[in-house]
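The exercises below are meant to be worked with the sequence and the structure side by side. Try each task before reading the solution that follows.

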Amino acid sequence: MTTLEPDRLVAGLREQTAAFGRAVAGGDPEAKVPACPEWRLRDLTGHMGQATRWAAGLIRAASSPTRVPDEHGGAPATGRTPAASAPPPVPDPLDGLPDAPGAWEAWLRDGAEELIAAVRSAAPDAPVWSFTGSVPPVFWLRRMFCETAVHHHDAAVTTGAGFAIADDLAADVITEGLELVTAPGVEAFKPELAGLRGRGERLAVWPDGMRGWLITRTPGGPRWERSQADADVVLSGPVAECMLVLARRVPPHRVYGDRALLRHWLDHTAF
């Protein structure tokens, strides 16, 4: 389910990519990224620039015409390549990254625009590979927007830049994260998500001035809905802060109820 229109996701990707680029432009390429201590700032930048290009390649491959014989053995007809069973390898994050940090902003922007162009050129129902199965191209537009938003915060913390995100965009990052951890078959990709099965425990997120989310842990896995219902533990605060808590970027400040239940959720939802 996509909760924002594609044009809003495009705007969000552009906004967050531009802000990410500004955050890293004046930073030390060798600075350690606190949220990803195995990465330096240049690794984080390379990862984000390569990720959008890699996603664009997935979409182009799924949208490429292929020639298949008709059912009577006649002249081949043109169709779309089915979704691959496995993705192409993810490139080294430093491949293609400009040496000069001053060139990073443009390189990041070009990667985002490459993805946007691939989505706009593809058929809306083209079957594209993902770790949850075949998905439409807009899945990767949304996935890369959400990835960029979280890593924008990582870059801002690393360099001391400011971080901001619109409320509707932050809310969609939360929704997309919940969709990922509850997607059918996702435990095959990330077995530790099996630890989120439960016996009806309920977690709620109540962002200020906005309808919240209710997560219920069931024996078959977690389920969620948009709801303002009460729960065993409630996370509250500005929606951008809630987004960052659920992304394990900042500690929770306003928590009511069973903090251990929230901690268990955070410990098992890292991608």
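**Exercise 1: The largest pocket**

The largest pocket of this predicted model has a volume of about 920 Å³. Find how many residues line the largest pocket, which elements give two or more of them, and how the lining divides by class.

*Solution.* Begin with the lining itself, which is made by 37 residues, and among these R143, E147, L180, R248 and F271 lie nearest the centre of the pocket. Next, turn to the elements: two or more lining residues come from each of β2 (36–40), α2, α4, α5 (167–181) and α7 (239–246). Finally, sort the lining by class, which gives 26 nonpolar, five polar and six charged residues.

**Exercise 2: The cavity**

Determine how many cavities of 30 Å³ or more the whole structure holds, and describe the lining of the largest cavity.

*Solution.* A search of the whole structure finds one cavity of 30 Å³ or more, and the volume of the largest cavity is about 40 Å³. Its lining consists of T17, F20, M48, G49, T52, L108, A112 and T148. When these residues are traced back to their elements, α1 (6–25), α2 and α3 (104–121) are each found to supply at least two, and α2 gives the most, with three residues. By class, the lining holds four nonpolar and four polar residues, with no charged residue.

**Exercise 3: Two helix pairs**

Work out how α2 is oriented relative to α4, and how α1 is oriented relative to α5, and then name the residues that make each contact.

*Solution.* Take the first pair: helix α2 (residues 41–63) packs against helix α4 (residues 138–159) at an angle of about 175°, and their axes are 10 Å apart. Because angles over 145 degrees count as roughly antiparallel, α2 is roughly antiparallel to α4. On the α2 side the contact is made by L41, L44, H47, M48, A51, T52, W54, A55, L58 and I59, and on the α4 side by W140, M144, E147, T148, H151, D154, A155, T158 and T159. These contact residues comprise 11 nonpolar, six polar and two charged.

For the second pair, the axes of α1 and α5 cross at roughly 100° and come within 11 Å. Since 65 to 115 degrees counts as roughly perpendicular, α1 is roughly perpendicular to α5. Here R8, L9, G12 and E15 of α1 meet D168, L169 and D172 of α5, and this contact has two nonpolar, one polar and four charged residues.

**Exercise 4: Confidence**

State the average pLDDT of the chain, and locate a stretch where pLDDT stays under 50.

*Solution.* The chain averages a pLDDT of 91, and 91% of the residues score at least 70. Over residues 67–71, however, pLDDT stays under 50, and for this stretch the model has nine contacts beyond four places in sequence.

How values were computed:
Residues numbered from 1 in each chain as written. Predicted model: local features only at pLDDT ≥ 70, side-chain atom pairs only at ≥ 80, totals over all residues. Heavy atoms only, no water. Axes fitted to C-alpha atoms, helices over the stretch in contact; angles between N-to-C directions. Helix = DSSP H or I, 4+ residues; strand = E, 2+ residues; numbered from the N terminus. Parallel < 35°, antiparallel > 145°, perpendicular 65-115°, else oblique. Contact = heavy atoms within 4.5 Å. Nonpolar A, V, L, I, M, F, W, Y, C, P; charged D, E, K, R; others polar. pLDDT = per-residue confidence, 0-100. 1 Å grid on protein atoms, 1.4 Å probe; cavity = no way out; pocket = protein on both sides within 12 Å on 5 of 7 lines; lining within 4 Å. Points joined across faces, edges and corners; volume = space filled by probe spheres on them.
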